[in-house]
Amino acid sequence: MKKMLLLVMVLVGLLSTVSAKEFNESRWQWFYSNANYTGKIDLNTMTYDPETDIAEAWVVWIYPEEGRQSLRSYTIYFKHNMLTGKQGYLYKKGSDRIIDEWTINGSWTPAPSSGDEALVAAVKGLVGRDTKLATLKKEKEEEAQRRLEAQRAEEQKRLEEQKAFEEKQKAAQKEAEKRNRVATIGGILGSLFGI
């Protein structure tokens, strides 16, 4: 009986842990804390596009004193150092039930030394923004160089074809002049000798 009771208690404990909205799994990485709240970022859903220099991230702000957790989706525009909120969900700490949800409409520049500024810096590092931008820049420069070299090669080919055409025309003109001279000499000789 004791074993059965212990088994039931363990199962209830596991079920309550599984159903509670806790952000302690390995996918949630801490990036900021102050006296009022802690920020963690979801490593599994973070994205970055070096072409647009824009990242997407889900973040949870945990307010231990207030017993609440705010899960929010952000778009980060690195080029302009701007954040745009997209949507948010509010959970009571330890509960999987959403007590409020909203759509965020607005963009802002992160305040110095704030959680938002730490978020931008954390995402920048986690997605390897600087390395990816440098790689993209190098690839674009190499592509531009290849195009320039191809244009130069095409221009060189065009010039060589033009030169060959002009030389062919000169040769044809010389040949025509030679025939004309022969014909003229033949005409003169023919008129002199009555041929």
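## Strands, salt bridges and a nonpolar patch

Strand 6 and strand 7 (residues 98–103) run antiparallel to each other and are paired through 5 bridges. Across this pairing, Gln87 faces Thr103 of strand 7. The two strands form a hairpin with 5 residues between them, and in the turn Gly94 adopts a positive phi of about 85°. The model described here is a predicted one.

Strand 6 has further partners. With strand 5, strand 6 (residues 82–92) forms an antiparallel pair held over 10 bridges. Here Gln87 appears again, as the bridge partner of Ser73. Strand 5 and strand 6 also make a hairpin, with 4 residues between the strands; in this hairpin it is Asn81 that takes a positive phi, near 50°. Strand 8 (residues 107–108) is joined to strand 6 as well, by 2 bridges and in an antiparallel arrangement. In that pairing, Thr84 stands opposite Ser107 of strand 8.

For a reader meeting the protein for the first time, a view of the whole is helpful. Its secondary structure consists of 3 helices and 8 strands. Read from the N terminus, the order of the elements is α-β-β-β-β-β-β-β-β-α-α. Of the 195 residues in the protein, 26% are buried. Contacts between residues at least 6 apart in sequence include 44% that join residues at least 24 apart. The accessible surface amounts to about 13900 Å², and carbon and sulfur atoms account for 56% of that area.

Leu71 offers a look at the surroundings of one residue in strand 5, which spans residues 68–77. Leu71 counts as buried because its relative accessibility is 9%, under the 20% cut-off. Setting aside neighbours within four places in sequence, Leu71 is in contact with Phe23, Trp28, Trp58, Val59, Val60, Gln87, Gly88, Tyr89 and Tyr91. One of these, Gly88, is 17 residues away along the chain, yet the C-alpha atoms of Leu71 and Gly88 are separated by 5.5 Å.

Asp42 is a second buried residue to visit, and its place is in strand 2 (residues 38–42). With a relative accessible area of 3%, Asp42 falls under 20% and is therefore classed as buried. Its side chain makes a polar contact of 2.7 Å with the side chain of Arg27. Beyond residues up to four places away in sequence, Asp42 touches Arg27, Trp28 and Trp58. Trp28 and Trp58 are also found among the contacts of Leu71.

Charged pairs come next. A search of the whole structure gives 11 salt bridges. Asp53, Lys124, Arg129 and Asp130 are linked in a network of such bridges. Within the network, Asp130 forms a salt bridge with Lys124, where the closest N and O atoms are 4.0 Å apart. Asp130 also forms a salt bridge with Arg129, and there the closest N and O atoms are 3.7 Å apart. The burial of these residues can be followed in turn: Lys124 is partly exposed, with a relative accessible area of 31%, and Asp130 is partly exposed at 45%. Arg129, in contrast, is buried, with a relative accessible area of 13%.

Another salt bridge connects Arg146 with Glu143, the closest N and O atoms being 2.8 Å apart. Both residues belong to helix 3 (residues 129–193). Arg146 and Glu143 are 3 residues apart, about one turn of the helix. Arg146 is partly exposed at 46% relative accessibility, and Glu143 is partly exposed too, with a relative accessible area of 32%.

The final feature is on the surface. Ile185, Ile188, Leu189, Leu192 and Phe193 make a nonpolar surface patch of about 550 Å². Leu189, one of the residues in this patch, has its place in helix 3. At 40% relative accessibility, Leu189 counts as partly exposed, because this value lies between the 20% limit for buried and the 50% limit for exposed residues.

Methods: Residues are numbered from 1 along each chain as its sequence is written. This is a predicted model: local features need pLDDT of at least 70, side-chain atom pairs count only at pLDDT 80 or more; totals for chains, interfaces and linings use all residues. Side-chain values use heavy atoms; hydrogens and water are left out. Buried means under 20% relative accessible area, exposed over 50%, partly exposed in between (1.4 Å probe, protein chains only). Contact means heavy atoms within 4.5 Å. A salt bridge is a side-chain nitrogen of Lys or Arg within 4 Å of a carboxyl oxygen of Asp or Glu. A polar contact is a pair of N or O atoms within 3.5 Å; within protein, one must be able to donate a hydrogen and the other to accept it, and residues adjacent in sequence count only if both atoms are side-chain atoms. Patches are made of residues with over 30% relative accessible area and no salt bridge: like charges are joined within 9 Å, nonpolar side chains (Val, Leu, Ile, Met, Phe, Trp, Tyr) within 5 Å. Accessible areas come from the Shrake-Rupley method with a 1.4 Å probe; for residues, only the protein chains shown count as cover. Two strands pair if DSSP finds at least two bridges between them.
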